[in-house]
Amino acid sequence: MNRFDAAIVGAGPAGSAAAICLARRGYAVALIDKAVFPRDKLCGDFLNPAGWNLFGRLGIRDALLASDHQKVTAFRVSTASAEALIPFTRVFGVGMRRRAFDDLLVKQAVAEGALLYEGVKPSALERESGCWKLRGENGSGEREFFARLVIGADGRNSWTAQRLGAITAQSRPGRFVGFQLNLTGCRVPAGEIQIHAFPGGYAGVMALGGGAANLSFAIDRTIAREQPIDAIVANHFSKNLHLHETVAPSTIAAVRSIYPLDFAPRRRYGDGFLLAGDAARVTEPVTGEGVYFALRSGELAAAAADAALTRGDVSARQLAAYDAACRGALARRQAVNRLIRALILRPYLMAPLMRLKTKNNFPINRLVDEVCRAEP
Ligand SMILES: Cc1cc2nc3c(=O)[nH]c(=O)nc-3n(C[C@H](O)[C@H](O)[C@H](O)COP(=O)(O)OP(=O)(O)OC[C@H]3O[C@@H](n4cnc5c(N)ncnc54)[C@H](O)[C@@H]3O)c2cc1C
């Protein structure tokens, strides 16, 4: 029971998607996570409409719609001097706690035949006779996994990527720290995902029903280092009245933070391994697409792994096709993400762009359409 075709480290969206696709094709898959599910996850809790067809392919669409969720039909964007509500065209997104969404995915991976090892923290990874030997520890002791291929899907601070030497000087982290706060007694209108620019960063607000909302924000790490949350809310959020009025009546609880918020792409394949999701690349959460990127790269990693395992060739040369597939599938969205990030961090450019909307419905609506369209 310890020999597998693929050992997947990390059972978030990227790892679970890869596990679902590989187990469905009949491969023996070990899905290993240091956490025990359901577990909380720092996130804005918005599922971009881009994912609908993918949710269907992964077999979670019906379960998702049957779960407690909020239907999201518009983006509200604000700067200190402008505000716009931009409805989605013919699609809707979802507001849902990651604890619940990720649990759906893990359950689906198990239903497809993957073996889930929760609460297991990998401690060593080495090649032995052309095969990977991965050692992991849980509360009660050590266990070993042998696998032909390893998929690292263990998030932005990926142990696997570090272990495999995939983190280079070019993948140094950027300047922002991410926070997530739970709000109660909040008056955020249902059905919207909100993005607010403020000096030094930007915030996203997602109503989750019953007066609860998720406030996640990115802020320059020098500010985060010097000021506590209360001071950030008072000194920075108040510079954008739209954001201030959204947050002011609420009670703030459960502060979580994460660093780095972004970094340049890492080398996402090598001899016998692939990296998927945030382990390979993090785009800033400004457009709420991180889960989509993770799921899609997990699906593409599974396709590349399938081709390599079928040929009996898991060399870097064979696995290079994965890199090309990711670029082909995701490059356009990543470019739009970079453009929107650049605008949000420059409100003096963003505000006139938003006002242009009242004249001819263009170009801010066009940008939202690009971000919130369903992918094939
Ligand atoms: C502030 C903020 C707000 C965001 N808001 C949104 C949003 O609204 N919508 C959206 O789509 N995206 C959002 N994102 C991005 C999104 O959270 C990520 O892109 C997404 O979670 C990536 O999925 P993943 O599977 O690659 O990694 P993760 O979701 O990080 O999953 C990694 C898994 O690996 C496990 N793990 C970690 N280390 C180890 C280890 N050493 N051994 C074993 N297991 C390990 C973890 O327990 C976890 O289960 C946001 C990000 C931030 C920082």
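Let's start just past helix 1: there sits G26, with a positive phi near 95 degrees. Keep in mind that this is a predicted model.

**Exercise 1.** Work out whether the length of helix 1 fits its number of residues.

*Solution.* Begin with the count: helix 1 has twelve residues. At 1.5 Å a residue, and counting one less than the number of residues, the expected span is 16 Å. Now look at the end C-alpha atoms, which are 16 Å apart, so the two agree.

**Exercise 2.** Decide whether helix 1 is largely enclosed or largely open, and find what covers its buried residues.

*Solution.* A residue counts as buried if 20 or more other C-beta atoms lie within 10 Å of its own. Eleven of the twelve residues in helix 1 pass that test, so the helix is largely enclosed by the rest of the structure. Among the buried ones are P13, A14, G15 and C21. The cover over them includes strand 1, strand 2, helix 2, helix 4, strand 11 and helix 9.

**Exercise 3.** Find which helix gives the most to the largest nonpolar core, and pick out some of the core's best-connected residues.

*Solution.* The core has 118 residues, and A18, I151 and L274 are among those with the most contacts inside it. Helix 9 gives the most, with eleven residues. Next, follow L274: beyond its close sequence neighbours, its contacts include I151, A301, A304 and A305.

**Exercise 4.** Describe the shell around the ligand by class and by main contributor.

*Solution.* Sort by class: 19 residues are nonpolar, twelve polar and eight charged. Then check the elements: helix 9 gives the most, with four residues. Finally, G12, G44, G155, G277 and G290 come nearest to the ligand.

Key:
Residues numbered from 1 in each chain as written. Predicted model: local features only at pLDDT ≥ 70, side-chain atom pairs only at ≥ 80, totals over all residues. Near = placed C-beta within 6 Å. Helix = DSSP H or I, 4+ residues; strand = E, 2+ residues; numbered from the N terminus. Nonpolar A, V, L, I, M, F, W, Y, C, P; charged D, E, K, R; others polar. Core = buried A, V, L, I, M, F, W, Y, C linked by C-beta atoms within 7 Å. Contact = placed C-beta atoms within 7 Å. Lists of a residue's contacts leave out its neighbours within four places in sequence.
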